[in-house]
Amino acid sequence: MKLIVLGPPGTGKGTISRFIEAKFGCEHISTGDLLRNEVAKKTGIGKKIEHILNAGKLVTNETAMQVLSKKICSLKDGFVLDGFPRNIEQAKLFDLLLSEQKISLDLVLEVDSDDKVVIERLSSRRQCVKCKRIYGHHVPSKKLGVCDDCGSKTIIREDDKSKAIKQRLKIYHETTKKLVEFYSNKKLLIKINGNRSLEKIFPVIEKILKKVV
Ligand code: AP5
Ligand code: MG
């Protein structure tokens, strides 16, 4: 299965993508995680983009494509893409890439949540530095600051400060949201309400995806 999960910051793209990966076996690819890895490893790219990520702004399309291209070989076996594309230009570049690889997208899942809801969620999010598991107020780890799965530490993201969250939401509404129309026109988009609990959301997604596979 090949799908994109689209939605505002904090709507649950990462949490939902990991659920889909576990249930359906397609690889979760988060461009945000890939970019944060570059920063953590202090690579050339990482040093250039750290301030952009921390401010909640988008890195260039070239950089986003660059980190994604390292993962391209796994695309054929199925993927759930989280955080990419972010604008129409990235979506068009991705279309080109898919057609070169003779791959077609099955679905774009839009998970829509209100700003108020996502701001609250992001204020309590922590993420494992190693396996990238996501925790939060409603999904706490057994011991605060320690990942249940791999025992590594969990941290608060630099861009989860209120100024950066506001910036990320602004970019989402002004730029990324245009992808809803882009993928609706391609008859690929299904929208779900992300304001609900994960217990309510997961079965809805499972039902949708079972029709696709
Ligand atoms: P990215 O990492 O993609 O961040 P984002 O889009 O801002 O989204 P988040 O990861 O913050 O939220 P999420 O939707 O994954 O929610 P989560 O599951 O964690 O991008 C970060 C940065 O990288 C960008 O700002 C940009 O700089 C750069 N970047 C990345 N891709 C790029 C690209 N293509 N081009 C250019 N720049 C790019 O959940 C959030 C919290 O809520 C968690 O605590 C979770 O436990 C909780 N939660 C989730 N769902 C629920 C629920 N239903 N009920 C209760 N709690 C919930
Ligand atoms: Mg995420």
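These are my notes on the sheets, some helix contacts and two buried charged residues in a predicted model.

**Entry 1: the five-stranded sheet**

I started with the strands. Five of them form an open sheet in the order 2-3-1-4-8, and the pairing is parallel. I looked up the edges next: strand 2 (27–30) and strand 8 each pair on one side only. From one strand to the next, the twist averages 20°.

Then I zoomed in on one edge. Strand 2 runs parallel to strand 3 (residues 79–82), and four bridges join the two. Within that pair, I found His 28 opposite Val 80 of strand 3.

**Entry 2: the three-stranded sheet**

There is also an open sheet of three strands, ordered 6-5-7, and here the pairing is antiparallel. Its edge strands are strand 6 (134–135) and strand 7 (154–155), each paired on one side only. I checked how strand 5 (residues 126–128) meets strand 7, and got two bridges in the antiparallel sense. Gln 127 has Ile 155 in strand 7 as its bridge partner.

A reminder to myself: strands of a sheet pair through backbone hydrogen bonds, either parallel or antiparallel.

**Entry 3: helix 8 and its two sides**

Which residues of helix 8 are buried? I noted Leu 179, Val 180, Phe 182 and Tyr 183, in a helix that covers residues 178–185. They sit on the same side of helix 8, because they cover an arc of only 165° around the axis. On the other side, Glu 181 and Asn 185 are exposed.

The general rule I keep in mind here is that an α-helix has 3.6 residues a turn, so residues three or four places apart point the same way.

I then asked what the buried residues of helix 8 pack against. The list has strand 1 (2–6), strand 4 (107–112) and strand 8 (189–193), plus helix 5 (88–100) and helix 7 (162–176). Right after the helix I wrote down Lys 187, which follows helix 8 and has a positive phi, near 60°.

**Entry 4: helix 5 against helix 8**

I followed up one of those partners. Helix 5 and helix 8 pack at an angle of about 35°, and their axes are 9 Å apart. From helix 5 I listed Ile 88, Ala 91, Lys 92 and Asp 95; they meet Lys 178, Leu 179, Phe 182 and Tyr 183 of helix 8. Sorted by class, this contact has five nonpolar, no polar and three charged residues.

**Entry 5: helix 6 against helix 7**

Next pair. Helix 6 (residues 115–122) packs with helix 7 at an angle of about 145°, with the axes 11 Å apart. The crossing is right-handed. Helix 6 brings Asp 115, Val 118, Ile 119 and Leu 122 to the contact, while helix 7 brings Ile 165, Arg 168, Leu 169 and His 173. By class, I have five nonpolar, one polar and two charged residues for this contact.

**Entry 6: two charged residues, buried or exposed?**

Arg 168 caught my eye in that contact, so I looked up how accessible Arg 168 is: 11% in relative terms, which counts as buried. Arg 168 is part of helix 7. Not counting residues up to four places away in sequence, Arg 168 touches Pro 9, Gly 56, Leu 122, Arg 125, Arg 157, Asp 159 and Asp 160.

My last lookup was Glu 206, in helix 9 (residues 198–212). Its relative accessible area is 18%, and the cut-off for buried is under 20%, so Glu 206 is buried too. Leaving aside neighbours within four places in sequence, Glu 206 is in contact with Phe 19, Lys 23 and Phe 24.

Definitions and conventions. Residues numbered from 1 in each chain as written. Chains lettered and ligands numbered in written order. Predicted model: local features only at pLDDT ≥ 70, side-chain atom pairs only at ≥ 80, totals over all residues. Heavy atoms only, no water. Buried < 20%, exposed > 50% of the residue type's maximum accessible area, 1.4 Å probe, protein only. Arc of directions from axis to C-beta. Contact = heavy atoms within 4.5 Å. Pairing = 2+ DSSP bridges. Axes fitted to C-alpha atoms, helices over the stretch in contact; angles between N-to-C directions. Left-handed = near helix turned anticlockwise from the far one by under 90°. Nonpolar A, V, L, I, M, F, W, Y, C, P; charged D, E, K, R; others polar.
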